[in-house]
Amino acid sequence: MKGFFYGWYLKCQSGAQTLAVIPAFHKAGKKCTCSVQIITDKNSWTISFPADKFHHAGDHISIDRNLFCRRGIRLEIHTPEVDVKGRLRFGPLSPLKYDIMGPFVLVPHLECRHSVFSMTHSVCGTVYVNEEKYVFKDAWGYWEGDRGRSFPKDYVWTQCCFSGGSLMLSVADIPIAGFHFNGVICVVLWQGREYRLATYLGARAVQIRDGRIRIIQGNLELEAKLLKKAVNPLQAPAMGDMVRTIHESAASRAYYRFRKGKNTLFAFETDRASFEYEYPH
């Protein structure tokens, strides 16, 4: 494989603060490196490490003195740009009923494959980022992963935990055998029930414009709207090399509405939404 990346996205969200961490391994040609990206409400940092600092076994990733696993996170990073130290403990995870990729998990040569390890779990602990204190007490957590060669050229991704549930939505341009289509994967966890909207279940994106996304599948409809654009730059893979810059806010202002038939199950505005909008319009 000419290029390859593997990474996790672990988000911790309270009513007042958000902290997301991305441990990743990347290979471009003969060059192998690993990194930890730190994202807060206000800033983001990328810290690179030699490839031999990366160790992955099952549900554990360690990079130098940093540990990520189903039980929590340990952070210890000291650079001139950012100083991070702390520990966070996770409660029981909420995995999906089956792989988010559905039958697409069997399709070879996809440029990116997505995983969702936990839609929501409790988070407790404290992390200091450049002496700013991030305190999580009975807060919400979310955990997903990506692997492949490159992020999609055009895509939108959003995630938010909220009272009574959690949601994740991704719409992306998918190239397969010379053809392109907008692929949808989405999970809404609401009052203990898992709702899934996906291309392989008949979901389609009827609107992707000006930060607004509307997905319809049978009698289910999810609308997500980015109300304030993201500003924090992140590194993303292109053929395994972390040379692409995308923009995310771990705590964007956004609006969500989820309907089943004529019934609105929830509709709310929040300033705790994670949002990446990489479509040209």
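In the predicted model, Asp-210 is exposed, with a relative accessible area of 59%, and this residue lies in the loop between β16 (204-209) and β17 (212-217). Although Asp-210 is not a glycine, its phi is positive, at about 50°. A positive phi, near 50°, is likewise found for Gln-191, a residue other than glycine, which is placed in the loop connecting β14 (179-190) and β15 (193-198). Because its relative accessibility of 62% lies over the 50% cut-off, Gln-191 counts as exposed. Most residues other than glycine have a negative phi.

Elsewhere in the model, eleven strands form an open sheet with antiparallel pairing, in the order β4-β3-β2-β1-β11-β10-β9-β8-β7-β6-β5. The edges of this sheet are occupied by β4 (44-50) and β5 (54-57), each of which has a single partner strand, so that one side of each is left without a neighbour in the sheet. From one strand to the next, the twist averages 20°. At the β4 edge, strand β3 (residues 31-40) runs antiparallel to β4 and is joined to it by seven bridges; Ser-35 has Ser-48 of β4 as its bridge partner.

The second largest pocket, with a volume of about 190 Å³, is lined by Leu-67, Cys-69, Arg-71, Gly-72, Ile-73, Arg-74, Arg-87, Leu-88 and Arg-89. Two or more residues of this lining are contributed by each of β7 (66-69), β8 (72-78) and β9 (83-90), strands that follow one another as β9-β8-β7 in the order of the sheet. By class, the lining comprises four nonpolar, one polar and four charged residues.

Technical notes
Residues numbered from 1 in each chain as written. Predicted model: local features only at pLDDT ≥ 70, side-chain atom pairs only at ≥ 80, totals over all residues. Heavy atoms only, no water. Pairing = 2+ DSSP bridges. Helix = DSSP H or I, 4+ residues; strand = E, 2+ residues; numbered from the N terminus. Axes fitted to C-alpha atoms, helices over the stretch in contact; angles between N-to-C directions. 1 Å grid on protein atoms, 1.4 Å probe; cavity = no way out; pocket = protein on both sides within 12 Å on 5 of 7 lines; lining within 4 Å. Points joined across faces, edges and corners; volume = space filled by probe spheres on them. Nonpolar A, V, L, I, M, F, W, Y, C, P; charged D, E, K, R; others polar. Buried < 20%, exposed > 50% of the residue type's maximum accessible area, 1.4 Å probe, protein only.
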